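Hi,

Here is the structure I promised to send over. Have a look at it first, and then read on for my notes.

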Amino acid sequence: MATVELRFSALPEHVRTARLVAAAVARRAGVDDAVLDEVRLAVGEACSRAVGLHQSVGITAPVKVALIEEEKLFSIEVGDEAPHAVPAERVAGGASADADVEAEEDEMGLAVISGLVDDVQVTTSENGGLIRMSWPTVPPPTVLI
């Protein structure tokens with residue numbers, strides 16, 4: 001299992017770099033060329049979400065991206081260190097209008113990712129969140145000599 005790890009400052013201008021690296025590693029791992037645009041878009045959305053979460057609460061820690069090549073599977077994990085309130089806490093705490101807008105944007109971003117990726121898992125806690133996205137890979141063609 002080969003892994004490439006990226007860490008970047010939570011700034012929007014670094015999201016493009018993460019997208020390009022993810023697409024290059026996905027191609028090398030054997031992800032079908034027809035799916036590479038979806039990989040780029042999903043990684044861009046996940047990284048933009050993480051950057052926004054970090055900026056909204058003033059976290060200076062980097063956004064973390066892991067590109068994992070496994071047998072027959074390529075996965076990307078995008079992690080943030082922003083505290084995530086569970087929906088019950090949002091309701092019970094009487095969230096402000098700004099918090100409501102941020103929650104809606106967060107849900108929209110997750111909906112976009114879910115529309116692009118068949119295999120996606122989102123985990124959140126008060127210590128941060130992780131989005132794991134996976135795509136099947138195809139073995140390289142056999143060359144007979």
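Before you lean on any part of it, check the confidence: this is a predicted model, and the protein chain averages a pLDDT of 87, with 85% of the residues scoring at least 70. Strand S3 comes out highest, at 97, whereas helix H3 (residues 87–92) has the lowest confidence, at a mean of 46. Over residues 88–93 the pLDDT is below 50, and beyond near neighbours in sequence that stretch makes five contacts in the model. I'd read that bit with caution.

Now for the sheet. There are five strands in an open sheet, ordered S1-S2-S3-S5-S4, and the pairing is antiparallel. Strands S1 (2–8) and S4 (119–125) each have a single partner strand, so they stand at the edges and one side of each has no neighbour in the sheet. From one strand to the next, the twist averages 10 degrees.

If you want to trace the pairing yourself, start with S1. It is joined to S2 (residues 63–70) by seven bridges, and the two run antiparallel. Towards S2, Phe8 stands opposite Val63, and Thr3 has Ile68 as its bridge partner. As general background, strands of a sheet pair through backbone hydrogen bonds, either parallel or antiparallel.

Moving on, S2 pairs with S3 over seven bridges, again in the antiparallel sense. Here Ala66 is the residue to click on: it stands opposite Glu77 in S3. The two strands form a hairpin with two residues between them, and Lys72 in the turn has a positive phi of about 70 degrees.

Then there are the helices on the sheet. Helix H1 (residues 15–29) lies across S1, S2 and S3 (73–80), and it runs at about 175 degrees to S1. Helix H2 (residues 36–57) also packs on the sheet, where it touches S1, S2, S3, S4 and S5 (128–136). The direction of H2 makes about 15 degrees with that of S3.

One last spot to look at is Pro139, which sits in the segment after S5. Is Pro139 buried or exposed? Its relative accessible area is 69%, and the cut-off for exposed is over 50%, so Pro139 counts as exposed. Its C-alpha atom is 9.1 Å from that of Glu71, although the two residues are 68 apart along the chain.

Shout if anything looks odd on your screen.

Cheers

Terms used:
Residues numbered from 1 in each chain as written. Predicted model: local features only at pLDDT ≥ 70, side-chain atom pairs only at ≥ 80, totals over all residues. Heavy atoms only, no water. Pairing = 2+ DSSP bridges. Helix = DSSP H or I, 4+ residues; strand = E, 2+ residues; numbered from the N terminus. Axes fitted to C-alpha atoms, helices over the stretch in contact; angles between N-to-C directions. Contact = heavy atoms within 4.5 Å. pLDDT = per-residue confidence, 0-100. Buried < 20%, exposed > 50% of the residue type's maximum accessible area, 1.4 Å probe, protein only.
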